[in-house]
Amino acid sequence: MDFQNVKMIIDSLLKVANSAPTLSGSTPYFQQYYFNQQSIRSDVSKAEFDAWIQYVNQTLDISQKYTNWGIFTKEKIEVSQASLNAGVPYIQRIQTIQQMLINLAQQINNYN
């Protein structure tokens, strides 16, 4: 695989990791209106989490099509397991998956 494709995949993985929902993200309007504007969220919403996980999976699918590497299938399974980890707050699941994406980008960089 050529350097440009590898760079594109690594950049995509890091972009997805950096685009994850955070606790400092926007608070739903009703909370801003009815509660203190300075309210601090303790977790991200299910909708935010689900949208981001879909983005993660799409990026892994596209990356796998460019490379045909089985490592992306393994990573998708691990991401799926981490995302379905009931009882763990979404923000912790996000942090785990972010680290997985960063590790994958490092593996790909070291592989080439």
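D61 is partly exposed, with a relative accessible area of 31%. Partly exposed is the middle class: buried means under 20% relative accessible area and exposed means over 50%, with a 1.4 Å probe and protein chains only as cover. D61 has a partner, K76. The two form a salt bridge, and their closest N and O atoms are 2.6 Å apart. A salt bridge here is a side-chain nitrogen of Lys or Arg within 4 Å of a carboxyl oxygen of Asp or Glu. The pair links distant parts of the chain: K76 sits in helix α4 (residues 71-83), D61 in helix α3, 15 residues apart. K76 is partly exposed as well, at a relative accessible area of 24%.

A word on the model. It is predicted, local features need pLDDT of at least 70, side-chain atom pairs count only at pLDDT 80 or more, and totals for chains, interfaces and linings use all residues. Residues are numbered from 1 along each chain as its sequence is written, and side-chain values use heavy atoms, with hydrogens and water left out.

Now step back to the whole protein. It has 5 helices and 0 strands. Along the sequence the pattern reads α-α-α-α-α. Helices (H or I, at least four residues) and strands (E, at least two) are DSSP runs, numbered from the N terminus. Of the 112 residues, 31% count as buried. The accessible surface comes to about 7300 Å², and 52% of that belongs to carbon and sulfur atoms. Such areas come from the Shrake-Rupley method with a 1.4 Å probe; for residues, only the protein chains shown count as cover. Contacts tell us about the fold too. Among those between residues at least 6 apart in sequence, 68% join residues at least 24 apart. A contact means heavy atoms within 4.5 Å.

Look next at α3, the helix that holds D61. It covers residues 46-67. Its 22 residues reach 32 Å from first C-alpha to last, close to the 32 Å expected at 1.5 Å a residue. The expected span is 1.5 Å times one less than the number of residues. Which residues of α3 are buried? They are F49, W52, I53, V56, T59, L60, S63 and T67. These cover an arc of only 125° around the axis, so they lie on the same side of α3. The arc is that of the directions from the helix axis to the C-beta atoms. What covers these buried residues includes α1, α4 and α5. The face turned away from the buried side carries the exposed residues A47 and K65. Just after α3, N68 takes a positive phi of about 65°.

Helix α3 also has a salt bridge within itself. K46 pairs with D50, and the closest N and O atoms are 2.7 Å apart. The two are 4 residues apart in α3, which means a separation of about one helical turn. D50 counts as partly exposed, at 35% relative accessibility.

Near the end of α3's sequence range comes Y66. Y66 is partly exposed, with a relative accessible area of 46%. Together with M8 and I62, Y66 forms a nonpolar patch on the surface, with about 290 Å² of accessible area in all. Patch residues have over 30% relative accessible area and no salt bridge; like charges are joined within 9 Å, and nonpolar side chains (Val, Leu, Ile, Met, Phe, Trp, Tyr) within 5 Å.

Turn to α4, the home of K76. Its 13 residues should span 18 Å at 1.5 Å a residue, and its end C-alpha atoms are 18 Å apart, which agrees. The buried residues of α4 are F72, E75, V79, A82 and S83. They cover an arc of only 95° around the axis, so they share the same side of α4. They pack against α1 (3-18), α3 and α5 (90-111). This helix has an internal salt bridge too: E78 pairs with K74, with the closest N and O atoms 3.1 Å apart. Both lie in α4, 4 residues apart, about one turn of the helix. E78 is partly exposed at 28% relative accessibility, and K74 is partly exposed at 48%. In total, the structure holds 4 salt bridges.

Last comes α5. Its 22 residues should span 32 Å, and its end C-alpha atoms are 31 Å apart, which agrees. Its buried residues include Y90, R93, M100 and I108. What covers the buried residues of α5 includes α1, α3 and α4.
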